[in-house]
Amino acid sequence: MYYMVSCWVEDPNGDYFKKHLVRILDYIWVAEDGIKMQGSNSQEWDTSFALQSLLACNMIDEIGPTHKKGHEFMKESQVKDNPSGDFKSMYRHISKGSWTFADPDQGCEVSDCPAECLKVEPERIFDSINIILSLQSKNGDLSAWEAASSSKWLELLNPTEIFENLVVEHEYVECTASAIQALVLFKKLYPEHRKNEIDDFIANVVRFIEEIQLPDVSWYFTGYGNWGVCFIYGSWFALGGLAAAGKTYNNCLTIHKAVEFLLNSQFNDDGWGESYISCPAKSSSTCPILKNCDTPKLRGP
């Protein structure tokens, strides 16, 4: 919407503004209880996870046509070029080889989108690796849209009442863990491509994940639970990244502690759930508080 307003300011009758108008219904629509608005669609993100799940079922014969269509969608959705013009002077990051959250028209790469989509699309793979490596922050971890470099005090300028930590980029365990899994898979296919850079990248992000584990041995995925609720979700990604890097329950104290946290958060029906209160409270003590669910059973001492 901001882009559309910018185009309108530049030229209310221009082609760029008219093209934005065509896509308004992607974000705003009238439902039975009033007008709804969403920040972004998530076609590429959803498709990448759906394809991974289908492939993990070992039902290749049954899902052949579905897999083919999904593969073609991912192939066509990869961003082929960097932003036009002198994009670096406008503080835009490179985007060639990336996948966005929704579709190529969105134009803004997200670090864990190429990390997840990379697992199902082998072509133009080197461009995707370049994107992932370029988004690593100085302390070794990954943010979402661009490498975190701004001062945290700028969050004092946050104009919203409902969102936290959105003025500048912050690092996320989800993005970091997804990158580890993608790069480990990539190394098996192309072991000599940028080998030293990738090895250093993985070592740095593993250290980051281990260092940000909370005292209660969970991970708080993001400043305000934007993509998931919240400690169980963050722990899922963190453990996946550590496991991909060769860490196990027996050789990594971080994993050992996290497994105990998940076991102690399990419900009597053997499932897991977590209250949305975890996000504003920033406390994993709310993990067992879920409406209409059994009281969790604690395991271990």
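The protein chain exposes about 16,900 Å², and carbon and sulfur atoms supply 56% of that surface. Please keep in mind throughout that this is a predicted model. Turning from the surface to the interior, buried residues make up 41% of the 301 residues in the chain.

Let me next describe the order of the elements. The chain has 11 helices and two strands. Reading from the N terminus, we meet two helices, then the two strands, and after them helices through to the end of the series. As for how the chain comes together, consider contacts with a separation of 6 or more: residues 24 or more positions apart account for 58% of them.

I would now like to take one helix as an example. Helix 3 covers residues 43-56, which gives it 14 residues. From its first C-alpha to its last it reaches 20 Å, close to the 20 Å expected at 1.5 Å a residue. Which residues of helix 3 are buried? They are E44, W45, T47, S48 and L51. The cover over these buried residues includes helix 4 (64-77), helix 5 (112-117) and helix 7 (173-189). After helix 3 comes N58, and its phi is positive, near 55°.

Two other residues deserve a remark on their backbone. R194 is not a glycine, yet it has a positive phi of about 50°. Its place is the loop between helix 7 and helix 8, the latter spanning 195-211. With a relative accessible area of 27%, R194 is partly exposed, because that value falls between the 20% limit for buried and the 50% limit for exposed. D270, also not a glycine, has a positive phi of about 75°. This residue is found in the loop between helix 10 (253-264) and helix 11 (278-281). D270 counts as partly exposed too, at 43% relative accessibility.

I turn now to two serines in loops. The first to discuss is S143, in the loop between helix 6 (125-134) and helix 7. Is S143 buried or exposed? Its relative accessibility is 0%, so it counts as buried. The side chain of S143 reaches the backbone oxygen of E146 at 2.3 Å. Setting aside neighbours within four places in sequence, S143 is in contact with S111, L135, S137, A148, E169, H170, E171, Y172 and C175.

The other serine is S95, which lies in the loop between helix 4 and helix 5. At 2% relative accessibility, S95 counts as buried. What does S95 touch, leaving aside its neighbours within four places in sequence? It is in contact with V79, D81, N82, P83, G107, E109 and I131.

Finally, a word on cysteines. C175, which we have just met as a contact of S143, is buried at 0% relative accessibility. C252 is buried as well, with a relative accessible area of 4%. How many disulfides are there? The count comes to zero, where a pair of cysteine sulfur atoms would have to lie within 2.5 Å to qualify.

To close, I return to the two serines. S143 and S95 are both placed in loops, and both count as buried. R194 and D270 likewise belong to loops, but these two residues are partly exposed.

Note on methods
Residues are numbered from 1 along each chain as its sequence is written. This is a predicted model: local features need pLDDT of at least 70, side-chain atom pairs count only at pLDDT 80 or more; totals for chains, interfaces and linings use all residues. Side-chain values use heavy atoms; hydrogens and water are left out. Helices (H or I, at least four residues) and strands (E, at least two) are DSSP runs, numbered from the N terminus. Buried means under 20% relative accessible area, exposed over 50%, partly exposed in between (1.4 Å probe, protein chains only). Contact means heavy atoms within 4.5 Å. Accessible areas come from the Shrake-Rupley method with a 1.4 Å probe; for residues, only the protein chains shown count as cover. The expected span of a helix is 1.5 Å times one less than its number of residues. A polar contact is a pair of N or O atoms within 3.5 Å; within protein, one must be able to donate a hydrogen and the other to accept it, and residues adjacent in sequence count only if both atoms are side-chain atoms.
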